[in-house]
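Grab a pencil and have a look at the protein below. Then try the exercises before you read the solutions.

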Amino acid sequence: MNTEKRVFDVHIIESNKPTEKDAEGDALAAILTISGIQAHKYIVKTIPELQDTFLRIAKHPRCLPHHRHFLPFLHFALHANSKGIFLQGKELIEWNDLLELLSPIRKRLEGNLLICMSACE
């Protein structure tokens, strides 16, 4: 029987309006840490910063395809609507464009990507 503990890595990607405090990511990271889950927080304000964040996540040592014990997970904390997500509440990234921006991670994980969206609408 395999009793090896699974290691969860939650990559928290937060982008709030300039007038809003970056609080959700801090709170979530604290709870995850207490629970023994690795939390990695990224504040993004621009599309190049988001691209860089996705590349950093793709290069993370536990971002492995089909590995039973390492499960990377993306948690987005930002504004969104039916058209896509917003960086800083103003710069729209449409869903198809987000899918393209996620390609480095999707390729590394061979399409096995867990995503949570904490967003309006």
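Here are three exercises, each with a worked solution.

This is a predicted model: local features need pLDDT of at least 70, side-chain atom pairs count only at pLDDT 80 or more, and totals for chains, interfaces and linings use all residues. Residues are numbered from 1 along each chain as its sequence is written, and side-chain values use heavy atoms, with hydrogens and water left out.

**Exercise 1.** Work out the order of helices and strands along the sequence.

*Solution.* Start with the definition: helices (H or I, at least four residues) and strands (E, at least two) are DSSP runs, numbered from the N terminus. The protein has four helices and six strands. Reading along, you get β-α-β-α-β-β-β-α-α-β.

**Exercise 2.** Find the residues with the most contacts inside the largest nonpolar core.

*Solution.* A nonpolar core is a set of buried Ala, Val, Leu, Ile, Met, Phe, Trp, Tyr and Cys residues joined through side-chain atoms within 4.5 Å. Buried means under 20% relative accessible area, exposed over 50%, partly exposed in between (1.4 Å probe, protein chains only). The largest core has 21 residues, and Ile-13, Leu-50, Phe-54 and Ile-105 have the most contacts inside it. Helix H2 (47–58), strand S3 (70–81), strand S4 (84–87) and helix H3 (95–101) each supply at least two of its residues.

**Exercise 3.** Decide whether Gln-88 is buried or exposed.

*Solution.* First, place Gln-88: it sits in the loop between S4 and strand S5 (91–94). Next, check its relative accessibility: at 16%, Gln-88 counts as buried. Finally, list its contacts (heavy atoms within 4.5 Å). Skipping neighbours within four places in sequence, Gln-88 touches Ser-15, Asn-16, Lys-17, Pro-18 and Lys-45.
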